[in-house]
Amino acid sequence: MNFISADPGRKTGVAVWSDTVINTNHPARWELLSVGTLRYTTPRDFLDRLEAIKRNYCVQFAIVERYVNFGKRYRNAERMITQQELICSVFPDCILIPKRSWDPNNIMPQYQAQIIRDWGLDCPPNEHERDAVHMGLNIFRRLGMVNEEKATHLLALAQGDHKIGTLM
């Protein structure tokens, strides 16, 4: 089973994961199939790109960093909310996870790069891609169950009625 972790933003970072658990001399983790950035130009173009990811990788569900607009803190807040809604429309089985739930320490990008390397992965050059990869790794680490059951548990959450999740 394949799924994505997505970080909406100026550019949306997307990491495609397989539920295959990799156990090497690094910490156990899901297999990372691909990572990239989707630039938001128009809603139709963004939807087409998301649908291509879903089709090409047989993605079953999405884990999306939940964004809530608390005022004028972000210049492109409405675009981020639109991206979040578009991701959820392409992946009806999705979970919206607040950043503080998957990254409670709000790790800075340069430290994220080191964490990703510590897990035995090449670090993406782009901050948005790093966020998407770091999200997948942290969710794997924070879920308190047998490694092989973690993706199945997330799929069950994504198929449920309550789309906003936390890892606590």
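**Group meeting: a walk through the model**

Hi everyone, let's start at a loop. At 56% relative accessibility, Cys-58 counts as exposed. One thing to keep in mind as we go: this is a predicted model. Cys-58 sits in the loop between helix 1, residues 43-57, and strand 4, residues 59-66. Look at its backbone, too: the phi of Cys-58 is near 50°, a positive value in a residue other than glycine. For context, most residues other than glycine have a negative phi.

Now for the aromatic residues. How many aromatic pairs does a search of the whole structure find? The search gives five. Let me show you one of them. In the pair of Phe-3 and Trp-30, the ring centres are 4.9 Å apart and the planes stand at 85°, so this is an edge-to-face pair. Phe-3 belongs to strand 1, residues 2-7, and Trp-30 to strand 3, residues 29-39, so the pair ties together parts that lie 27 residues apart in sequence.

Are these two buried or exposed? Phe-3 has 0% relative accessibility and therefore counts as buried. Trp-30, at 1%, counts as buried as well.

If you zoom out a little, Phe-3 and Trp-30 join Trp-17, Phe-61 and Phe-140 in one aromatic cluster. Phe-140 has a charged visitor: Lys-150 lies over the face of its ring, at 4.0 Å from the ring centre.

Let's go back to strand 1, because Asp-7 is found there too, and I'd like you to see its surroundings. At 5% relative accessibility, Asp-7 counts as buried, since the cut-off for buried is under 20%. Leaving aside residues up to four places away in sequence, Asp-7 touches Thr-12, Gly-13, Glu-65, His-128, Asp-131, Ala-132 and Met-135.

That brings us to the helices. Helix 4, residues 109-118, packs against helix 5, residues 127-142, at an angle of about 50°, with the axes 10 Å apart. The two helices are therefore oblique to each other. Helix 4 passes helix 5 in a left-handed crossing. Which residues make the contact? On the helix 4 side we have Pro-109, Gln-112, Ala-113, Ile-115 and Ile-116. Helix 5 brings Glu-127, Arg-130, Asp-131, Val-133, His-134 and Leu-137. You may recognise Asp-131: it is among the residues touched by Asp-7, and it takes part in the contact with helix 4.

That's my tour, thanks for listening!

Methods:
Residues are numbered from 1 along each chain as its sequence is written. This is a predicted model: local features need pLDDT of at least 70, side-chain atom pairs count only at pLDDT 80 or more; totals for chains, interfaces and linings use all residues. Side-chain values use heavy atoms; hydrogens and water are left out. Rings of Phe, Tyr and Trp (its six-membered ring) pair if their centres lie within 6.5 Å; planes under 30 degrees apart count as stacked, over 60 as edge-to-face and the rest as tilted. Helices (H or I, at least four residues) and strands (E, at least two) are DSSP runs, numbered from the N terminus. Buried means under 20% relative accessible area, exposed over 50%, partly exposed in between (1.4 Å probe, protein chains only). A charge sits over a ring if NZ of Lys or CZ of Arg is within 6 Å of the ring centre and within 35 degrees of the ring normal. Axes are lines fitted to C-alpha atoms, for helices over the stretch in contact, and angles run from 0 to 180 degrees between N-to-C directions. Angles under 35 degrees count as roughly parallel, over 145 as roughly antiparallel, 65 to 115 as roughly perpendicular and the rest as oblique. A crossing is left-handed if the near helix is turned anticlockwise from the far one by less than a right angle, and right-handed if clockwise. Contact means heavy atoms within 4.5 Å.
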